[in-house]
There are 2 protein chains.
Amino acid sequence: MAKRSEADALMQRIAEEFEALPRQLQGVARYLEEHRSSIMVRRVGEIAEGCGVHASAVVRFAQRFGYSGFTEMQSVFRDAFTAQTSPSRSYQQRIRSVIKNRASTMPAVEIASRFIDASRAGLDELAEELDETRFQKAVDLLATAENIYVMGVRRSFAIATYIAYALQHTQKRVHLVSGLGGMFREQLRSMGKGDALIAISFPPFGKETLYAMRVAQQHKASVLAITESDLGPLARHSDVLLKVKEGSAFAFRGLTSTMCLCQALFVALAYRLELTVEETLPRGEYDD
Amino acid sequence: MAKRSEADALMQRIAEEFEALPRQLQGVARYLEEHRSSIMVRRVGEIAEGCGVHASAVVRFAQRFGYSGFTEMQSVFRDAFTAQTSPSRSYQQRIRSVIKNRASTMPAVEIASRFIDASRAGLDELAEELDETRFQKAVDLLATAENIYVMGVRRSFAIATYIAYALQHTQKRVHLVSGLGGMFREQLRSMGKGDALIAISFPPFGKETLYAMRVAQQHKASVLAITESDLGPLARHSDVLLKVKEGSAFAFRGLTSTMCLCQALFVALAYRLELTVEETLPRGEYDD
DNA sequence: CACGCGATGGAACGTATTTTCCATTTATTT
DNA sequence: AAATAAATGGAAAATACGTTCCATCGCGTG
């Protein structure tokens, strides 16, 4: 039933041969995939410009895939579009496929889209409730720190991992407190005045993280807490506290808002430190 | 927000003047109304034919409504289309220019909220473009795997970390391929038939991850790739490929959409495996 | 019925766009 | 390192397309 349009077939063929393509044509391929829905209204020149490529390269691309030229290839996408929108039978088809999918396909996707919705709601809230003063303070705190320790356990560990990774692109010394080998205590030992601890923790709060915050305070290090509310044990032990409320669906707490906040924090810090983009994320062979 | 596009205005004007139009131009008007959504891809000749009218009549029609010719009128519809399909692009453009233009002089919060905007746009796109069939396949693939290996390096490592953490709440055996001690090879060695590898990688693709995918194929393990597009080296080596396009604000590529997708994937899997929420996330003392 | 005005369609014109060709650069192989 | 093949970009050539012009036609009116 899911009849593959010629455009689909073409895209697959492109995907298959992609690696064998020369550099520029790969660029064209990427552009086509990315802008698949608007190729039909674009002219060769526009597409070429979008790829940073000469128009003839686009034509060569089309010819490489068996068309007489760009025009002929474009018509494939045009056809796919008109077949998709104009025929009134598509209503019936769509409904039919929805009904058909309900049995097998729907649950997973239904769950997914509801979860995505919840995450979106979470980001909306984050955008609305971000405390400007605190965020600025958080950036300042990190900007002035010599060493930055990052800590989060279990659910928050992935976030800590990301922050540590991102911070490696600054000049700071960064320490991810992983607890590898059970050595939380040992990894935290060297914190001192002038250093900062980023502690990520949500209820029920991991005791390891709370321990780290106490150590930080004893060692006169600054503490940036990323958590859910001003209440709770983190407030007392932190210099700056950033709030994130995650939306949840299916009794599942999201992490997208937290991730987003942390990335925003890093971007702001990078520019505070006046890193150029190149310094920040050298897109070398080691990037992923 | 619901700003009337120029196309809307034009259509209304056409409706108003319809009665006063000569016979052929009425035919053109009807055609435009009927095929409004595909005018942008049609040529004058096609439209003329569709109306049973000469091409010049269509041009005259356009001129009657104040345009220099058909081309100019068509661009109105084209603009409406592109504005409708890629509104998220404007988000990206905005943050791009914000970051480009002296971000260091602007408050950190400004940067943050732009970044959050971009992330929201990314989630919108994710919700819209999630491939239902593939998502279902991905869930199935994981559901039937005995051992699940998770691999991502550098930027993607945090994601891999999260997935591995989440999967620990299922009955599966989960292996996070961390490369700790330089032992990628050794950690991958034990993959076999009936196992699955989740590989997360974005361009420029980490060679470690590509290596892992090759090993998986050789060992007859299933591969679920999470990446940016069907093109690129991951396509060939994967059984299922899930696409996530992160809003890339300059060199700052988001991770929120990827994170969200992975969480959605896990939730869907959990329900597929009929885990109760309690089993899935025992909110015990070790939770964080 | 004749006149005139607007509507219509054919064909020529001009332009915008695609395509081909070729010189130059870049990568690959021996 | 030289030779060969492939890729690239500029520009000319070809083409397709939209537009304009004009002769013809039809319709309503005097």
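Let me start with the interface: 71 residues of chain B are in contact with 73 residues of chain A. This is a predicted model, so please hear everything that follows in that light. On the chain B side, five helices each supply at least two residues: H5 (70–85), H7 (108–129), H8 (132–143), H9 (157–167) and H12 (256–272). The largest share, 12 residues, comes from H7(B). By residue class, the side of chain B that touches chain A divides into 40 nonpolar, 20 polar and 11 charged.

One residue of H12 is worth a stop. B:Val267 sits in helix H12 of chain B. Is B:Val267 buried or exposed? B:Val267 counts as buried, because it has 25 C-beta neighbours inside 10 Å, and the cut-off for buried is 20 or more. Once its neighbours within four places in sequence are left aside, B:Val267 is in contact with A:Ile111, A:Phe115, A:Phe250 and A:Phe252. For a sense of distance within chain B, B:Val267 and B:Arg36 are 231 residues apart in sequence, and their C-alpha atoms are 41 Å apart in space.

Now the cores. The largest nonpolar core has 135 residues, and those touching the most other members are A:Leu197, A:Ile198, B:Ile163 and B:Leu197. Helix H13 of chain A, residues 256–272, gives the largest share of this core, 12 residues. There is also a second, separate core of 46 residues, which includes A:Leu25, A:Ala29, B:Phe61 and B:Leu231. Going back to B:Ile163, and again leaving aside neighbours within four places in sequence, this residue is in contact with B:Val150, B:Ile198, B:Cys262 and B:Phe266.

Next, chain A as a whole. Its secondary structure comes to 14 helices and 7 strands. Chain A has 288 residues, of which 42% count as buried. Take the contacts in chain A between residues at least 6 apart in sequence: 65% of them join residues at least 24 apart. The domain assignment gives domain 1 of chain A as 6–85 and domain 2 as 126–280. The C-alpha centres of these two domains lie 44 Å apart.

Within chain A, consider helix H2 (23–34). The 12 residues of H2(A) should span 16 Å at 1.5 Å a residue, and the end C-alpha atoms are 17 Å apart, so the two agree. Which residues of H2(A) are buried? They are A:Leu25, A:Val28, A:Ala29, A:Tyr31, A:Leu32 and A:Glu33. The cover over these buried residues includes helix H1 (6–17), helix H3 (44–51) and H4 of chain A.

That leaves the DNA. Strand D is surrounded by 19 residues, and the closest are A:Pro22, A:Gln24, B:Gly69, B:Phe70 and B:Thr71. H2 and H4 (55–64) of chain A, along with H3 (44–51), H4 (55–64) and H5 of chain B, each supply at least two residues of the surface near strand D. That surface divides into 8 nonpolar, 8 polar and 3 charged residues.

Strand C has 19 residues around it, the closest being A:Arg43, A:Val44, A:Gly69, A:Phe70 and B:Gln24. Here H3, H4 and H5 (70–85) of chain A, together with H2 (23–34) and H4 of chain B, each supply at least two residues of the surface. The residues near strand C divide into 8 nonpolar, 8 polar and 3 charged.

Note on methods. Residues numbered from 1 in each chain as written. Chains lettered and ligands numbered in written order. Predicted model: local features only at pLDDT ≥ 70, side-chain atom pairs only at ≥ 80, totals over all residues. Contact = placed C-beta atoms within 7 Å. Helix = DSSP H or I, 4+ residues; strand = E, 2+ residues; numbered from the N terminus. Nonpolar A, V, L, I, M, F, W, Y, C, P; charged D, E, K, R; others polar. Domains from an automatic or database assignment. Near = placed C-beta within 6 Å. Core = buried A, V, L, I, M, F, W, Y, C linked by C-beta atoms within 7 Å. Buried ≥ 20, exposed ≤ 12 C-beta atoms within 10 Å, placed from the backbone. Expected span 1.5 Å × (residues − 1).
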